[in-house]
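Hi,

Here's the structure I said I'd pass along. Have a look first, and my notes follow underneath.

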Amino acid sequence: MKQNSAEKSGTGLPVRHISIILLVLVIYIAGCAHNHKTTEVPSAASPPSLHQNNQPAPSPAKQKTTDSKNEEGDLTDEDLDFLYEEAEAGAVRVADPFEPLNRVMFHFNDKLYFWVLKPAARGYRYLIPAPVRAGVKNFFRNLTTPVRLANCILQGKFRSAGVEIVRFLMNSTAGMLGFGNPAQMYPQLSTKEEDLGQTFGTYGIGNGFYIVWPFLGPSSIRDSVGMIGDRFLNPITYVQPTEASIEITAYEKVNDISFRIGDYEIFKEASLDPYSAIRDAYIQNRNKKVEE
Amino acid sequence: MNIKILIPACMVLMVLLFGASNLAHSAQPMDELKGPVEQFIKILQDPQYSDASKKDLQREKLWEVARKIFDFAAISRGTLTRFRWKSFTPKQRKDFTDVFTEFIGNTYFDKIQGEYHNEEIVFLNQEMLSETKARVTTKIQREALEIPVDYSMWFRKGSWKIFNVYVEGVSLLGNYRNEFERFLTKSSADELISELKKKIERQKKGEGEAK
């Protein structure tokens with residue numbers, strides 16, 4: 001990865017330079033602090049996505065197709081148009097040429113969850129208090145800063161890249177190697193998930209088709225390529241021997257699940273065909289992340 | 001000060017004040033959402049329902065609040081395409097609305113009644129899409145996890161009501177529209193209704209198939 005080496009040389013600057021850059025960054029971010037309510041918060045609602053989702057001002061052609069006789073007499077034609085457009089915008093689909101194979105993998109992962117991961121996460125959750133598990137989560141998140149940083153830069157999100165650096169330095173030092181999350185106290189230092197799949201998405205590359213990987217779960221061809229790229233920037237990849245690296249990844253997964261026991265269950269419960277529902281949800285969730 | 005300036009200035013001021021108060025009066029979907037959410041949490045934390053035998057009573061209370069803020073009729077209708085809805089008979093429409101409402105209600109109430117761990121709801125923003133439509137962004141704070149939940153709301157019949165929910169960017173209406181469309185290309189409306197009824201029955205009997 002070229003970006004990897006570029007970054008390494010970037011962080012190899014003399015300490016004096018780093019402190020100057022940091023100072024500038026801190027001032028810049030602090031300057032954004034009082035604008036925060038107006039800038040950061042609406043971005044969470046992501047106006048561009050709203051445009052896409054709602055497509056206001058229905059076209060005259062659409063008006064004609066509205067039910068002139070609304071049997072329930074409850075909703076106005078305008079409301080009905082709005083409702084249908086909102087539903088339509090959320091009804092995202094993706095090509096799934098390997099569906100039979102994907103279903104097998106889905107089944108495998110489903111059993112893996114109920115037979116292995118969930119019991120493990122439950123036991124772990126019972127034994128380890130929440131603050132410790134949160135610390136572990138913070139630690140792993142801090143460790144994967146290079147992945148997010150590189151992707152912020154690749155997407156031209158330089159402010160977010162700056163925030164990633166400040167967070168990393170703050171959480172690695174004041175946060176004791178990343179177990180703590182002092183940066184959390186500053187809303188302007190909040191960051192979003194960034195990965196190479198999303199970066200490709202911002203370059204206009206579509207999802208391609210859907211893939212379910214054993215152990216790793218739902219993905220698309222685009223996101224799978226991204227996942228491979230991101231691995232190079234994830235320090236855990238370089239842990240030797242490989243078994244140890246896999247064990248650490250598995251532990252991270254169990255730690256993550258310990259916060260979400262029940263979420264997968266309810267999603268399954270709420271759908272007629274969980275496989276398809278999860279596929280649709282995955283794609284929608286990814287599309288939203290690309291938009292942000 | 002010259003009276004010629006003063007009069008228009010007063011008029012502008014009045015318009016502004018009147019306009020602002022009018023806005024404050026009807027256009028606060030976030031505030032109208034906060035009330036029911038707080039009631040919800042109160043019911044969930046209320047120790048009088050902690051006994052297993054009181055869970056049904058608690059469920060009823062939750063329904064009461066939910067019915068006020070969720071536009072279930074619109075949500076049900078939005079999960080079907082225009083074409084499908086038209087192809088349903090009035091009775092099927094009514095049955096579908098009832099059964100789907102009960103289904104999503106039960107599914108989520110089962111979850112929050114079973115696993116409520118003092119999650120906090122943080123209200124982030126409200127964006128007015130028009131005078132009567134808004135998007136309210138919130139997040140659920142659970143231990144070290146944040147789950148973004150956005151609500152599409154509209155002003156109907158004198159209050160703001162939810163007609164769509166996004167959990168982590170996934171649209172409830174959109175997802176069910178796909179699901180039901182897939183189902184209805186192979187099966188009939190009555191089969192969809194009975195399938196949902198079956199799921200409700202299974203939920204009532206205890207834990208559903210997901211466990």
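Starting with chain B: read along the sequence, its pattern is α-α-α-α-α-α-β-β-β-β-β-α-α. That makes eight helices and five strands. Bear in mind that this is a predicted model. Of the 211 residues in chain B, 27% count as buried. As for how the chain folds back on itself, 50% of its contacts with a separation of 6 or more are between residues 24 or more positions apart.

One backbone oddity in chain B is B:Glu143, which has a positive phi of about 45° although it is not a glycine. You'll find B:Glu143 in the loop between β2 (133-142) and β3 (145-156) of chain B. It counts as partly exposed, because it has 17 C-beta neighbours inside 10 Å and the buried class begins at 20.

Next, the place where the two chains meet. Chain A puts 43 residues into the contact and chain B puts in 42. On the chain A side, α3 (36-45), α4 (47-54), α6 (77-90), α8 (130-143), α14 (263-269) and α15 (274-291) each supply at least two residues. The largest share of that side, eight residues, comes from α6(A). If you're thinking about chemistry, the side of chain A that touches chain B has 22 nonpolar, seven polar and 14 charged residues.

Within chain A, I'd look at helix α12 (residues 221-231), where A:Arg222, A:Asp223, A:Gly226, A:Gly229 and A:Asp230 are buried. These residues sit on the same side of α12(A), because they cover an arc of only 115° around the axis. The general rule behind this is that an α-helix has 3.6 residues a turn, so residues three or four places apart point the same way. What covers the buried residues of α12(A)? The cover includes α9 (145-154), α11 (196-202), β2 (217-220) and α15 of chain A.

Two more backbone details in chain A are worth checking on your side. The peptide bond from A:Gln240 to A:Pro241 is cis, with omega near -5°, and A:Pro241 has its place in the loop between α12 and α13 (242-257) of chain A. Then there is A:Phe215, whose phi is near 70°, a positive value in a residue other than glycine. A:Phe215 is in the loop between β1 (210-213) and β2 of chain A, and it is partly exposed, with 13 other C-beta atoms within 10 Å.

That's what I have so far. Shout if anything looks off.

Cheers

Definitions and conventions. Residues numbered from 1 in each chain as written. Chains lettered and ligands numbered in written order. Predicted model: local features only at pLDDT ≥ 70, side-chain atom pairs only at ≥ 80, totals over all residues. Contact = placed C-beta atoms within 7 Å. Helix = DSSP H or I, 4+ residues; strand = E, 2+ residues; numbered from the N terminus. Nonpolar A, V, L, I, M, F, W, Y, C, P; charged D, E, K, R; others polar. Buried ≥ 20, exposed ≤ 12 C-beta atoms within 10 Å, placed from the backbone. Arc of directions from axis to C-beta.
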